[in-house]
Amino acid sequence: ATLFEAVYGHFLVEHRLLFLKENHAHKQAAFLLHHFPDLKFVFQVRDPRDYLASLRARRTGWLGNKYGSTRHALEVWRDDQLGGLNLLGHLGPERVFVHRYEDLIADPEQVLVPLCQFLGLIYDPAMLEFHNREAVRRTARAGSPRENLARPVMQDNANKYRNNLSTWQIRVVEHY
């Protein structure tokens with residue numbers, strides 16, 4: 001907890017709110033809730049076919065995606081989904097906000113207005129201009145996992161699996 005506060009504490013003091021986008025956060029939930037009892041979670045669900053297509057686009061290993069294999073990638077997806085649902089079941093909607101990635105990109109305000117309310121913030125349409133901030137541009141180095149931060153919300157970033165995965169890969173994902 002001391003290390004966490006040392007790394008992120010200045011954000012909490014300056015902004016009163018810290019939003020971390022971390023896969024596998026549910027695995028640390030007991031620790032985080034013990035040390036930060038007012039913590040809230042935002043749980044994003046994404047179509048697993050597009051999830052796999054996205055991983056394959058960022059492939060770094062010779063087995064086809066950043067997790068090494070289709071099976072391992074799907075295990076990570078499933079573990080995160082079950083972990084998020086488990087948090088929702090234990091903490092309830094007062095502490096866990098659930099939304100679909102596809103809804104967020106199709107109509108950002110439809111998700112952001114209730115998300116801001118959940119976080120105790122006032123929604124401002126200027127929030128969708130995040131990509132114009134200098135600090136965001138520095139974070140969004142070309143080729144980095146955060147490079148898309150330098151662009152507006154990619155409203156067409158769904159159903160890409162149809163062109164990027166084979167019929168066999170789609171069937172594997174759907175079966176899993």
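**Notes on a predicted, mostly helical chain**

1. Starting with a loop residue: Asn159 is partly exposed, at a relative accessible area of 36% (buried is under 20% relative accessible area, exposed over 50%, and partly exposed in between, with a 1.4 Å probe and protein chains only). Asn159 sits in the loop between helix H7 (134-139) and H8. Its phi is positive, about 60°, although Asn159 is not a glycine. For context, most residues other than glycine have a negative phi, and most peptide bonds are trans.

2. A word on ground rules. This is a predicted model, where local features need pLDDT of at least 70 and side-chain atom pairs count only at pLDDT 80 or more, while totals for chains, interfaces and linings use all residues. Residues are numbered from 1 along each chain as its sequence is written, and side-chain values use heavy atoms, with hydrogens and water left out.

3. The overall layout: the protein chain has nine helices and two strands, in the order α-α-β-α-α-β-α-α-α-α-α from the N terminus. The radius of gyration is 17 Å, close to the 16 Å from the globule rule for 176 residues, so the chain is as compact as a globular protein of that length. Helices (H or I, at least four residues) and strands (E, at least two) are DSSP runs, numbered from the N terminus. The radius of gyration is taken over C-alpha atoms, and the globule rule is 2.2 Å times the number of residues to the power 0.38.

4. Some whole-chain numbers. The C-alpha atoms fill a box of roughly 50 × 35 × 30 Å along the principal axes, and buried residues make up 31% of the 176 residues. Among contacts (heavy atoms within 4.5 Å) between residues at least 6 apart in sequence, 59% join residues at least 24 apart.

5. Now H4 (residues 70-91). Its 22 residues should span 32 Å at 1.5 Å a residue, and the end C-alpha atoms are 31 Å apart, which agrees; the expected span is 1.5 Å times one less than the number of residues. Buried residues in H4 include Thr70, Leu74, Asp80, Gln81 and Leu87. Their cover includes helix H2 (29-35), strand E1 (41-45), helix H3 (48-57), strand E2 (96-100) and helix H9 (167-175). Right after H4 comes Gly92, with a positive phi near 80°.

6. How much of H3 is buried? Eight of its 10 residues are, so to speak, under cover. Among them are the charged-type names Arg49, Asp50 and Arg56, along with Tyr51 and Leu52. H4, helix H8 (161-164) and H9 are included in what covers the buried residues of H3.

7. Which residues does Gln169 touch, not counting those up to four places away in sequence? They are Arg56 and Asn164. Gln169 lies in helix H9 and is buried, with a relative accessible area of 12%.

8. Last, Asp107, in the loop between helix H5 (101-106) and helix H6 (108-119). Asp107 counts as partly exposed at 38% relative accessibility. Asp107 and Arg137 are 30 residues apart in sequence and 23 Å apart in space, C-alpha to C-alpha.
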